[in-house]
Amino acid sequence: LGEPYLRFSAFMTLMGGAGTDNRHNHKYYLNPSNGIYEPIEWDTTFFTLSSLHRPLTYSQHDIDALFFLTPHLVYQRNLILNQYLSPEHESAIIKKIIDRSEQISYEIMHDKYKKNAAGSDTWVLTNGEWRDNVMQLQQRVSERFSFLRKELEKTNLTIFIINNTTIVFD
């Protein structure tokens with residue numbers, strides 16, 4: 001696992017992303033310049049209510065399960081994650097939500113059927129609920145950022161006792 005996977009893991013942790021499990025939603029690019037497979041974010045749900053307090057070591061697939069058993073990789077990922085948690089990044093994500101909602105606001109407000117672009121399903125969503133959902137999404141971003149900042153402030157201490165004589169702190 002190289003730097004691209006560390007950035008991918010930090011990004012997925014930041015967003016509370018899920019969807020890449022042992023069965024589907026894995027996309028990788030084989031970088032010919034270094035021979036490393038680089039993960040591509042694909043088909044992921046972000047900032048859901050269930051992901052607000054998703055732990056730093058949340059895993060749905062075997063690659064992450066092994067990754068989280070390697071302390072120096074988790075530490076490097078957390079350094080990247082800490083950079084992503086800047087107030088500027090938080091503001092940029094919220095601004096993107098506001099900008100995107102403004103771009104599609106007219107269509108949402110004037111489509112009385114709220115047809116789902118992926119199929120024939122109809123959303124049951126009033127214009128007031130649309131505005132409320134946009135606000136809730138912004139709040140969830142701030143809540144996720146706050147949760148992760150607090151989690152990264154915690155210190156974990158692992159003690160290994162070897163041959164009943166040596167104590168190693170990690």
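Glu 38 lies in strand S2, which spans residues 36-39. In this predicted model, Glu 38 is buried yet takes part in no salt bridge. The chain that surrounds this residue has 170 residues, of which 34% are buried. The points below cover the fold, two buried residues, the salt bridges and the enclosed and open spaces.

**Overall fold**

- The chain contains five helices and four strands.
- Along the sequence, these elements follow the pattern α-β-β-α-α-α-α-β-β.
- Among the contacts in the chain with a separation of 6 or more, 66% are between residues 24 or more positions apart.

**Two buried residues: Glu 38 and Ser 9**

- For Glu 38, the nearest side chain of opposite charge is that of Arg 7, at a distance of 5.3 Å. A salt bridge requires a side-chain nitrogen of Lys or Arg within 4 Å of a carboxyl oxygen of Asp or Glu, and therefore Glu 38 and Arg 7, 5.3 Å apart, are not counted as such a pair.
- When neighbours within four places in sequence are set aside, Glu 38 is in contact with Pro 4, Lys 27, Tyr 28, Tyr 29 and Asn 31.
- Ser 9 is part of helix H1. Ser 9 has a relative accessible area of 4% and is therefore classed as buried.
- Beyond residues up to four places away in sequence, Ser 9 touches Phe 67 and Arg 77.

**Salt bridges**

- Side chains of opposite charge can pair when their charged atoms come close. The structure holds four salt bridges, and three of them are described here, beginning with Arg 149 and Glu 90.
- The side chains of Arg 149 and Glu 90 meet with an N to O distance of 3.0 Å. This pair links distant parts of the chain, since Arg 149 belongs to helix H5 and Glu 90 to helix H4, 59 residues apart.
- The two partners in that pair fall into separate accessibility classes: Arg 149 is partly exposed at 26% relative accessibility, whereas Glu 90 is buried at 13%.
- Asp 99 and Lys 95 form another salt bridge, with an N to O distance of 2.8 Å. Both residues lie in helix H4, four residues apart, or about one turn of the helix.
- Asp 99 is partly exposed, with a relative accessible area of 28%, and Lys 95 is partly exposed as well, at 48%.
- Lys 154 pairs with Glu 151, and their closest N and O atoms are 2.8 Å apart. Lys 154 is exposed, with a relative accessible area of 52%.

**The cavity**

- Rolling a probe the size of a water molecule over the atoms shows where empty space is left.
- The model has one cavity of 30 Å³ or more, and its volume is about 190 Å³.
- The lining of this cavity comprises 21 residues, with Met 12, Thr 13, Gly 17, Tyr 58 and Asp 64 nearest the centre.
- Helix H1, residues 3-15, supplies the largest share of the cavity lining, with five residues.
- By class, the cavity lining consists of eight nonpolar, nine polar and four charged residues.

**The second largest pocket**

- The second largest pocket holds about 360 Å³ of space. The elements that give two or more residues to its lining are helix H4 (87-110) and helix H5 (127-153).
- Helix H4 gives the most to this lining, with seven residues.
- In total, 16 residues line the second largest pocket, and Lys 96, Ile 97, Arg 100, Val 134 and Leu 137 lie nearest its centre.
- The lining of the second largest pocket has 12 nonpolar, two polar and two charged residues.

Technical notes
Residues are numbered from 1 along each chain as its sequence is written. This is a predicted model: local features need pLDDT of at least 70, side-chain atom pairs count only at pLDDT 80 or more; totals for chains, interfaces and linings use all residues. Side-chain values use heavy atoms; hydrogens and water are left out. On a 1 Å grid over the protein atoms alone, a cavity is a set of points where a 1.4 Å probe fits but cannot get out, and a pocket is an open set with protein on both sides within 12 Å along at least five of seven lines; lining residues have an atom within 4 Å of a point. Grid points are joined across faces, edges and corners, and a volume is the space filled by probe spheres set on the points. Ala, Val, Leu, Ile, Met, Phe, Trp, Tyr, Cys and Pro count as nonpolar, Asp, Glu, Lys and Arg as charged, and the others, Gly among them, as polar. Buried means under 20% relative accessible area, exposed over 50%, partly exposed in between (1.4 Å probe, protein chains only). Lys and Arg count as positive and Asp and Glu as negative; His and the chain ends are not counted. Contact means heavy atoms within 4.5 Å.
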